[in-house]
Amino acid sequence: MVRAGAVGTHLPSFGLDIFGDLRKMNKRQLYYQVLNFAMIVSSALMIWKGLIVLTGSESPIVVVLSGSMEPAFHRGDLLFLTNFREDPIRAGEIVVFKVEGRDIPIVHRVIKVHEKDNGDIKFLTKGDNNEVDDRGLYKEGQNWLEKKDVVGRARGFLPYVGMVTIIMNDYPKFKYALLAIMGAYVLLKRES
């Protein structure tokens, strides 16, 4: 026979009482935890800003989101970019560019370059897997891209590493489940 008050008293808590754990900490321990978290966040930001300075690109790492560049790059490939302004843009080079009115940068190959005597460069891009050039993707009335539109140039890649990012964007519930699992792991690790 089981008493009503005894049900569930033998179940482990698995460290899910976060606020109880916080209340048990003295001020010094709490400050230490807050400083550790702040250090992790600031370190990640410093590494990202350092990459921006070293590569000259506002976004030194991007994920390929579509199959328009197959077979060169596949959906989910992680690209490493540089964007040194003194480097000339040449036909055949793979660039990442932003178009006015679109939030997501596009990864395509330069197919034509027009260079004027004064040094101005205009160029046309196309996805390797696309039938036509990118003029339909540019803002209305724009037929060519300029250097100011370039976010970076592909210098290396890791195949399919960016699939995690794509899955988390396509399936937001997966992102929250992953965060919950990571949080539970951290709490369980603290308990042991």
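Here's a quick briefing on the fold, one annotated helix and two buried residues of this chain.

This is a predicted model, so local features need pLDDT of at least 70 and side-chain atom pairs count only at pLDDT 80 or more, while totals for chains, interfaces and linings use all residues. Residues are numbered from 1 along each chain as its sequence is written, and side-chain values use heavy atoms, with hydrogens and water left out.

**Overall layout**

- The chain has four helices and seven strands; these are DSSP runs numbered from the N terminus, with helices being H or I of at least four residues and strands being E of at least two.
- Reading from the N terminus, the order is α-α-β-β-β-β-β-β-β-α-α.
- Of the 192 residues, 27% are buried, meaning under 20% relative accessible area with a 1.4 Å probe and protein chains only (exposed is over 50%, partly exposed in between).
- Take the contacts (heavy atoms within 4.5 Å) between residues at least 6 apart in sequence: 55% of them join residues at least 24 apart.
- Accessible surface adds up to about 13,600 Å², with 62% of that on carbon and sulfur atoms; the areas come from the Shrake-Rupley method with a 1.4 Å probe, and for residues only the protein chains shown count as cover.

**Helix H2 and the annotated span**

- H2 covers residues 27–55, and its end C-alpha atoms sit 42 Å apart, in agreement with the 42 Å expected for 29 residues at 1.5 Å a residue (the expected span is 1.5 Å times one less than the number of residues).
- An unreviewed UniProt entry labels residues 30–48 "transmembrane region"; such annotations may be inferred rather than shown by experiment, and positions follow the numbering used here, with feature names shortened.
- That 30–48 span is 100% helix and 0% strand, with 28 Å between its end C-alpha atoms.
- Right after H2 comes Gly 56, with a positive phi near 75°.

**Thr 125**

- Thr 125 lies in strand E5 and counts as buried because its relative accessible area is 0%.
- Its side chain makes polar contacts (N or O pairs within 3.5 Å; within protein, one atom must be able to donate a hydrogen and the other to accept it, and sequence-adjacent residues count only if both atoms are side-chain atoms) with the side chains of Asp 134 at 2.6 Å and Tyr 138 at 2.7 Å.
- Leaving aside neighbours within four places in sequence, Thr 125 also touches other residues, including Val 95, Phe 97, His 108 and Leu 145.

**Gln 142**

- Gln 142 sits in the loop between strands E5 (121–126) and E6 (145–146), and is buried because its relative accessibility is 14%.
- A polar atom of the Gln 142 side chain is 3.0 Å from the backbone oxygen of Trp 144.
- Beyond neighbours within four places in sequence, Gln 142 contacts Arg 135 and Asp 149.
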